[in-house]
Amino acid sequence: MSENKTPAQNSDNQVPASEEREVNNNLETQYGTTTIDDVVVSKIAGIAAREVSGVDALGGGGARMIGNIRESFGASEDVRQGVDVEVADGTARIDIAITAEYGVAIHELAEAIRRNIMNAVERMTGLSVERVNVVVHDVKLPKDESEAEDQAALNQGQA
């Protein structure tokens, strides 16, 4: 007599409890569903990261260069620069790229950024933040700041 090794099928075609998706009660109620776009979370995360002392700028070198060009034509600063967000099933995953100020403890800065972003996004959107990955692309050296001030002074003299 041979044994049947195929798994038993549920006659109701219901998804087993272990495979059901988790419902975010902040966003899904009996009265309707709230959907938060990635752009909204990107803006909140970008502003929250900039609030942390020790963050010089957001984004890698290329993103900052394009941002500077855009601002030179009078456009406002893009708070989403350096922020990548994925929102799905009531949770958010956030990647953020920064330039740190010289002298700060980078590991502590990253943790402060992570906490501030998680608090801001969860408080303002009701989303659950699964993770915040911080990439430090550069460190702003003190002499870089004085060179930038000298260049700004030269540019004002030419205008």
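Colleague: Quick one to start: is Glu 111 buried, partly exposed or exposed?

Modeller: Keep in mind that this is a predicted model. Glu 111 comes out partly exposed, because its relative accessible area is 34%, and that value falls between the 20% and 50% cut-offs.

Colleague: OK, and what does Glu 111 form a salt bridge with?

Modeller: Arg 114 is the partner, and the closest N and O atoms of the two are 2.9 Å apart. Arg 114 is partly exposed too, at a relative accessible area of 23%.

Colleague: Where do Glu 111 and Arg 114 lie?

Modeller: Both sit in helix H3, which covers residues 106–125. They are three residues apart, or about one turn of the helix.

Colleague: How many salt bridges does the structure hold?

Modeller: Three. One of them joins Arg 93 and Glu 86 through their side chains, at 3.1 Å from N to O. Another joins Arg 93 and Glu 130, at 3.3 Å from N to O. That second pair ties together distant parts of the chain, since Arg 93 is in strand E5 and Glu 130 is in strand E6 (residues 128–140), 37 residues apart.

Colleague: Arg 93 again! Which residues are linked with Arg 93 in a network of salt bridges?

Modeller: Glu 86 and Glu 130, so the network is made of Glu 86, Arg 93 and Glu 130. As background, side chains of opposite charge can pair when their charged atoms come close.

Colleague: And how accessible are they? Start with Arg 93.

Modeller: Arg 93 has 22% relative accessibility, so it counts as partly exposed. Glu 86 is partly exposed with a relative accessible area of 45%, and Glu 130 is partly exposed with 49%.

Colleague: Back to the strands. Which residue is the bridge partner of Glu 86 in E5?

Modeller: Arg 93. So that pair has a strand bridge as well as the side-chain salt bridge.

Colleague: In what sense do E4 and E5 pair?

Modeller: Antiparallel, over six bridges, with E4 spanning residues 83–88 and E5 spanning residues 91–101. Their hairpin has two residues between the strands, and Asp 89 there takes a positive phi near 50 degrees.

Colleague: Switching to pockets: what volume does the second largest pocket have?

Modeller: About 170 Å³. It is lined by 14 residues, and the closest to its centre are Thr 34, Thr 35, Val 87, Asp 89 and Gly 90. Asp 89 is the hairpin residue with the positive phi.

Colleague: How do the residues of that lining divide?

Modeller: Five are nonpolar, five polar and four charged.

Colleague: What about Ile 94, buried or exposed?

Modeller: Buried: its relative accessible area is 0%, and the cut-off for buried is under 20%. Ile 94 belongs to strand E5.

Colleague: Which residues is Ile 94 in contact with, leaving aside neighbours within four places in sequence?

Modeller: The list includes Val 41, Ala 45, Val 83, Val 85, Ile 117, Val 121, Val 129 and Asn 133. For Asn 133, the C-alpha atoms are separated by 6.3 Å, although the two residues are 39 apart along the chain.

Colleague: Last thing, the overall layout. How many helices and strands are there?

Modeller: Four helices and six strands. From the N terminus on, they run β-β-α-β-α-β-β-α-β-α. The chain has 159 residues, and 26% of them are buried. Of the contacts between residues at least 6 apart in sequence, 73% join residues at least 24 apart.

Methods:
Residues are numbered from 1 along each chain as its sequence is written. This is a predicted model: local features need pLDDT of at least 70, side-chain atom pairs count only at pLDDT 80 or more; totals for chains, interfaces and linings use all residues. Side-chain values use heavy atoms; hydrogens and water are left out. Two strands pair if DSSP finds at least two bridges between them. On a 1 Å grid over the protein atoms alone, a cavity is a set of points where a 1.4 Å probe fits but cannot get out, and a pocket is an open set with protein on both sides within 12 Å along at least five of seven lines; lining residues have an atom within 4 Å of a point. Grid points are joined across faces, edges and corners, and a volume is the space filled by probe spheres set on the points. Ala, Val, Leu, Ile, Met, Phe, Trp, Tyr, Cys and Pro count as nonpolar, Asp, Glu, Lys and Arg as charged, and the others, Gly among them, as polar. A salt bridge is a side-chain nitrogen of Lys or Arg within 4 Å of a carboxyl oxygen of Asp or Glu. Buried means under 20% relative accessible area, exposed over 50%, partly exposed in between (1.4 Å probe, protein chains only). Contact means heavy atoms within 4.5 Å.
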